[in-house]
Amino acid sequence: MRHAPYTAEDFGINPLMFYYEVTQACDLACKHCRASAQPDPAFDELTHEQSMALIDDVARFPRKPNMCFTGGDPLKRDDLFVLLRHAADLGITTALTPSATPLATFDAFQKAKNAGVQALGLSLDGADAAVHDAFRGLDGSFDKCLELMQYALELDMPVQVNTSITRRNFHQIDAIAELLANRGIAMWSVFFLVPVGRGVEEIRISPPEYKIAFEKLWHHAQTQPYGVKTTEAPFYRRYVLEQGGDPLAPPKSHSKFAAQMNRGQGYRAPLGITDGRGIQFVGHNGVIFPAGFLPIDCGRFPEVSVVETYQTHPVFRALQNPDNYHGICGKCNDRFLCGGSRARAYAVTGDWLGPEPDCFFES
């Protein structure tokens, strides 16, 4: 059943995107990893029963959010497909972000599809093996990622490719875009580094370089056969609007995949979505955060409900009103359109309501 579009009026009621880090276990050692993932599950990982109860709680939102099962590597969780099926049976639109390791097989993707997964998220952080594999900490990861895209295409599963931009691959933005052109993907999500977890060792690009990056992304949004969006760079929305564009425009082709990505509430966010404002994240141990890259402890499931936390916790309530923001973000006329990365503001300045440190706009 198709639901009415998610709007700004929903911000204080329920998230558009709910992320559940089902495990911190992962066989990669990515340079930017928020979770500082490890080979084995953490001792305090939610049990199967607790994870099922968490999904039940998510289904209690007035409108069910899109639920992304992430990690770590979610394929390292033994009961993953049971959890996925439970979410799907409750009418929750589900997505999965597997790591490019030997666990990610055609059969695993087939099982995910059979369990109700409607989209996959795959990470590609370089236009060649040298850059990508160094970023991911595993030789062969680049080739494996391309293989996984082909699996998804054969299985008719929409793919969002996630690329993290840092100093090490800034020069490859155009090359990555071209590499993805003939892979049949639905969306390219370009993430701009937030220095948390292992990401504190990486180097962010400078504000003037953001403008260069945005120019490139806008070009590819007009010319490539997939949609383009940013993560933790909400001021790209302002840039797009100033070019006369629509940040919410669907992909120009692959209409079948575009329709699948937008089934239910859809994966295209209304203007203004940012950490804690349309987004909620639960860690492997049940700790609730406004977003994966904004590690402010807002309680722990199952001791508290994710629904009540999103709707009533002071941190979420403050984040959901950009009039609360400080510095240039609080004064900016586009604070409801953008609002800056709350995660980066916190990581760099210690103030989660503070100014976006990487914005190149003056006001």
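1. Let's start with Leu-248, which is partly exposed at a relative accessible area of 34%; here buried means under 20% relative accessible area, exposed over 50%, and partly exposed in between, with a 1.4 Å probe and protein chains only. Leu-248 sits in the loop between α8 (235-242) and α9 (255-261). Helices (H or I, at least four residues) and strands (E, at least two) are DSSP runs, numbered from the N terminus. Together with Leu-241 and Leu-271, Leu-248 makes a nonpolar surface patch of about 200 Å². Patches take residues with over 30% relative accessible area and no salt bridge, joining like charges within 9 Å and nonpolar side chains (Val, Leu, Ile, Met, Phe, Trp, Tyr) within 5 Å. A salt bridge is a side-chain nitrogen of Lys or Arg within 4 Å of a carboxyl oxygen of Asp or Glu.

2. A word on how to read this. The model is predicted, so local features need pLDDT of at least 70 and side-chain atom pairs count only at pLDDT 80 or more, while totals for chains, interfaces and linings use all residues. Residues are numbered from 1 along each chain as its sequence is written, and side-chain values use heavy atoms, with hydrogens and water left out.

3. Now the overall picture. The protein has 13 helices and nine strands, and buried residues make up 60% of its 363 residues. About 13,800 Å² is exposed, with carbon and sulfur atoms supplying 53% of that area; accessible areas come from the Shrake-Rupley method with a 1.4 Å probe, and for residues only the protein chains shown count as cover. Among contacts (heavy atoms within 4.5 Å) with a separation of 6 or more, 74% join residues 24 or more positions apart.

4. Which residues touch the most other members of the largest nonpolar core? They are Phe-69, Trp-188 and Phe-192, in a core of 96 residues. Helix α5 (residues 141-154) gives the largest share of this core, seven residues. A nonpolar core is a set of buried Ala, Val, Leu, Ile, Met, Phe, Trp, Tyr and Cys residues joined through side-chain atoms within 4.5 Å. Beyond its neighbours within four places in sequence, Phe-192 has contacts that include Ile-165, Tyr-210, Phe-214, Leu-217 and Arg-344.

5. Arg-344 leads us to helix α13 (residues 342-349), where Arg-342, Ala-343, Arg-344 and Ala-345 are buried. Their cover includes β6 (187-192), α7 (207-223), α8, α11 (314-319) and α12 (327-331). Just after α13, Gly-350 has a positive phi of about 85°.

6. How many disulfides are there? The count is zero, where a disulfide is a pair of cysteine sulfur atoms within 2.5 Å. Cys-329 has no such bond because its sulfur is 6.3 Å from the closest cysteine sulfur, in Cys-338. The sulfur of Cys-359 also has its closest cysteine sulfur in Cys-338, at 6.3 Å, which is too far for a bond. Cys-329 is buried, at 8% relative accessible area, whereas Cys-359 is partly exposed, at 22%.

7. Two loop residues round things off. Cys-26, in the loop between β1 (17-21) and α1 (48-58), is buried with a relative accessible area of 6%. Its C-alpha is 5.6 Å from that of Gln-38, twelve residues away in sequence. Gln-243, in the loop between α8 and α9, is partly exposed at 37% relative accessibility. The C-alpha atoms of Gln-243 and Glu-215 are 9.7 Å apart, with their positions 28 residues apart along the chain.
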